[in-house]
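Okay, thanks for coming, everyone. I'd like to walk you through a structure that's probably new to most of you, so have a look at it first.

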Amino acid sequence: MTKKEQFQKIKSSILKKFPGATTQVDSKGNYYVADVNGIDILNSEIITTAKSNRFNKIEELEEALNKILLVPHSSTVFEAWQKLELALKSVHIIKVNSERFSDEKIEQKNDLH
C-alpha cells in the first residue's frame, strides 16, 4: 500500500467519526486535524475541561489541566492524521479493556470461589 493509499484509508476512517474534519496549520507551521468547529481533535479534552463549570477554584482547574497530556502538532499532514488515528485506537482499547476488567467484574469473579 502506498503512502497516499494509507493516508486516504486513515482519513476516511477518521471522517466517519468526525465528519467535516480538516487539516489545519498552527502559528508555528505544524499540522493538526480539527473538527468542523476548528477545534484540535487530539487536544479537545483541554478545551472541554477549561470550559467546564465543575471547578470552584482556579487551582482545581489548573490541577485538572495539568493531568491532561498536550499532544504536539505534527510536521506533516500525514503524521497529523496518523497521530489522531493512533490516539483514537488507543482510547478504544483502553475503554474496552477498562469495561472488561472493571473492579466490579473482578470482585464478582473472586466472590464465586
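I'll start with the whole chain and then go through its parts. One thing up front: this is a predicted model.

So, the overview. The chain has five helices and two strands. Reading from the N terminus, the order is α-β-β-α-α-α-α. How does the radius of gyration of the chain stand against the globule rule? The value is 18 Å, and for 113 residues the rule gives 13 Å, so the chain is more spread out than a compact globule. If you follow the C-alpha trace along its principal axes, the spans are about 55 × 45 × 20 Å. Of the 113 residues, 20% count as buried. And if you take contacts between residues at least 6 apart in sequence, 48% of them join residues at least 24 apart.

Now to helix α1, residues 3-17. With 15 residues at 1.5 Å each, α1 should span 21 Å, and its end C-alpha atoms turn out to be 22 Å apart, which agrees. Which residues of α1 are buried? They're Phe 7, Ile 10 and Ile 14. Look down the axis of α1 and these buried residues sit within an arc of 70 degrees, so they line one face of the helix. On the face turned away from that buried side you find exposed residues, namely Lys 4, Lys 9 and Lys 16.

Those three buried residues come back in the largest nonpolar core. That core has ten residues in all: Phe 7, Ile 10 and Ile 14, then Ala 21, Val 33 and Ile 41, and finally Phe 78, Ala 80, Trp 81 and Leu 84. Helices α1 and α4, the latter being 77-100, each supply at least two of the core residues. The largest share, four residues, is from α4.

Let's stop at one core member, Ala 21. Setting aside neighbours within four places in sequence, Ala 21 is in contact with Leu 15, Val 33, Ala 34, Asp 35, Ile 41 and Trp 81.

There's another residue to look at in α4, and that's Glu 85. Is Glu 85 buried or exposed? Its relative accessibility is 18%, and the cut-off for buried is under 20%, so Glu 85 counts as buried. Again leaving out neighbours within four places in sequence, Glu 85 touches Ile 10 and Ile 14, in the sense that they're in contact.

On to the strands. β1, residues 22-25, and β2, residues 31-34, pair in the antiparallel sense over four bridges. To pick out one of the partners, Thr 22 is bridged to Ala 34 in β2. Five residues lie between the strands of this hairpin, and there Gly 29 takes a positive phi near 85 degrees.

Last, two residues from other parts of the chain. Asn 37 is in the loop between β2 and α2, which is 44-51. With 63% relative accessibility, Asn 37 counts as exposed. From Asn 37 to Lys 67 it's 30 residues in sequence and 25 Å in space, C-alpha to C-alpha. Then there's Glu 60, in helix α3, residues 58-66. Glu 60 is partly exposed, at a relative accessible area of 32%. Glu 60 and Lys 83 are 23 residues apart in sequence, and their C-alpha atoms are 29 Å apart in space.

That's my tour, so over to you.

Terms used: Residues numbered from 1 in each chain as written. Predicted model: local features only at pLDDT ≥ 70, side-chain atom pairs only at ≥ 80, totals over all residues. Heavy atoms only, no water. Expected span 1.5 Å × (residues − 1). Buried < 20%, exposed > 50% of the residue type's maximum accessible area, 1.4 Å probe, protein only. Arc of directions from axis to C-beta. Core = buried A, V, L, I, M, F, W, Y, C linked by side-chain atoms within 4.5 Å. Contact = heavy atoms within 4.5 Å. Pairing = 2+ DSSP bridges. Rg over C-alpha atoms; globule rule 2.2 N^0.38 Å.
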